[in-house]
Structures are given as C-alpha cells and as structure tokens.
Amino acid sequence: MTPTSVPVIHPTALVAAGASLGAGVSVGPFCLVGENVVLGEGVILHSHVVVTGHTTVGARTQIYSFAALGHPPQDMKYRGEVSKLVVGEDCVIREGVTMHPGTAGGGLLTQTGSRCWFLAQSHVAHDCKIGNNVIFSNNVMLAGHVQVGDHVIVGGGAAVHQFSRIGAHAFIGGLAGVENDVIPFGMALGNRASLAGLNIVGLKRRGFEREQIHALRRAYRALFTSEGSLKERVEKVAEEFADQPAVMQIVDFVRTGGERALVTPRDLADAEA
C-alpha cells in the first residue's frame, strides 16, 4: 500500500475499531464512523458527518457536514433488527442529508444507486430503493418503501408517499406531494401531484431521438385520453408500440403495479400535453 492510499483521519474524528476504510478514504474533523461501517476507496467525509449502523458507502462518494447515515429507521415497528444501508459509488451527499437502513417489512435494506446527488436536507427513509443518476434537490422527502428509477429528478421540497414508485426518467416538480405511482418519463407537478405531460426536456438531454419522443407522446395520449378501462388502454398501447422499448417501459411499469394507484393527468389539457 502506497502512502497516498492510506486513509487520512483527522485527529478530532472518532472511527470505531471495527470500521473498514478503503484506500484513500478521508475522514474530516469531528466525524463519527461506527464499527460496522464500510467506506469504499476514496470516500470523503468532509466534517461533522455521522455514518453508523451496518452502512456501506461506495467508492469516491463525498458526504458533507451534518449528514447522518445509518441511524435506526423512523418506523415504530422496528425492533432493532440488523438491517443495512448501501450507498452507491460516486454519489454526492450534501449538508444535513439523512438516510436510514431497512426494516423487516421491507427486506432489511435501503439502497441507492451510483452517481446520485442528494442535496441539502433531503431524506431517504427505510427500505427505499433508488436507481442510478438520480438527483434530489434540497429538502426532498421520501417516505418508507419508495422505489425511484434511474435518471429521476426530484425538485426542492417535494414529498413522496410511502410505497410509491417513480419510474425511470421521470421529473417531479418542486413542492410536489406525490401520493401515487409516477410512470417512467412522466412529469408530476402540484399538491397533490398530477401528471402534466412527459419529461420532454429530460428526454432531449439524454439523447432520445425525435421518433422515440413522438412515440412516447402518442402512447401517453392513448393511455390517458382514450376510452375504455386502463387495462384495456395499456393492452392497446402494448400492441401498437411493441417495437418501441421506451413505450414498453411504461407498459411494463403499469402492468407490474404496486401498492399505490397511478398519478394521472388532472384534466384533458394535461393528458394531451
């Protein structure tokens, strides 16, 4: 091991004897690292950070002041079971962020993907599963058991109800109150949130072709403005757009279902957006 790969621990930090620190880890002033914590290679705890419990932090993730990861979940059914929090690689966790491990009712695991940004004061509750390349703006709040797909952006102050699902590439507007499932590529706004079209800006930024976007728009209108039951509309869309993987991602999301209903457009104008 070269000298530069040895973990650097500030004299005021407290690192428990059982903690595992990878090469190049930096633990800043007044940080606390628990005995069952694993910090991957190059992780940086800037200062006044607490990482405790059975928490694993992926390589090169940076955690800023007053973030607290791994404390017992805020669930009255929790009875001290051994549960885990796993944070992916190359994440940025800003000031005051809180993340809790899982519970027996959710598989004893809370997990985030890689390359995620959690801005100041955002909260990830027990048993949440978060994909890759996700961005939470300041003060975003996830209740327990929420699933968030890849490339989702959640605006400041938004709150997501327990057991809800947010599909990949969705956009949640600031201060939104999301009670139900948001389809992939959907844009949910308001309190209580409703669909306001597709996340067209996000689709363009991520290189979706014009034909793909047009197909998604046609499928969206078919799902939310056509007659018949939702099940009938989904099957019709599945048949018409079987050769469109992005559309089929929405179809699969709806077919899979969850414990919550779908977030839908509030009126016809939103459905046709």
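Two strands are said to pair if DSSP finds at least two bridges between them, a definition on which the close-up views of this predicted model rely.

**View 1. Strands β12 and β15 pair side by side in the parallel sense.** Three bridges link β12 to strand β15, which covers residues 109–111. Within this pairing, threonine 110 of β15 is the bridge partner of leucine 85.

**View 2. Strand β9 is joined to β12 and runs parallel to it.** Strand β9 spans residues 54–57, and four bridges connect it with β12. Here the residue that stands opposite leucine 85 of β12 is threonine 55, so that leucine 85 has a partner in β9 as well as threonine 110 in β15.

**View 3. The side chains of strand β12 alternate between two faces.** Along residues 84–87, Leu85 and Val87 point to one face and are buried, whereas Lys84 and Val86 point to the other face and are not buried.

**View 4. The whole chain is shown as the setting of these strands.** Its secondary structure consists of five helices and 28 strands. The radius of gyration is 20 Å, close to the 19 Å that the globule rule gives for 273 residues, so the chain is as compact as a globular protein of that length. Taken along the principal axes, the C-alpha atoms fill a box of roughly 65 × 40 × 30 Å, and 49% of the 273 residues count as buried.

**View 5. The surface of the chain exposes about 12600 Å².** Carbon and sulfur atoms supply 53% of this exposed area, while the mean positions of the 22 positive and 24 negative charges lie 3 Å apart.

How values were computed: Residues are numbered from 1 along each chain as its sequence is written. This is a predicted model: local features need pLDDT of at least 70, side-chain atom pairs count only at pLDDT 80 or more; totals for chains, interfaces and linings use all residues. Side-chain values use heavy atoms; hydrogens and water are left out. The radius of gyration is taken over C-alpha atoms; the globule rule is 2.2 Å times the number of residues to the power 0.38. Buried means under 20% relative accessible area, exposed over 50%, partly exposed in between (1.4 Å probe, protein chains only). Accessible areas come from the Shrake-Rupley method with a 1.4 Å probe; for residues, only the protein chains shown count as cover. Lys and Arg count as positive and Asp and Glu as negative; His and the chain ends are not counted. The place of a charge is taken as NZ of Lys, CZ of Arg, CG of Asp or CD of Glu.
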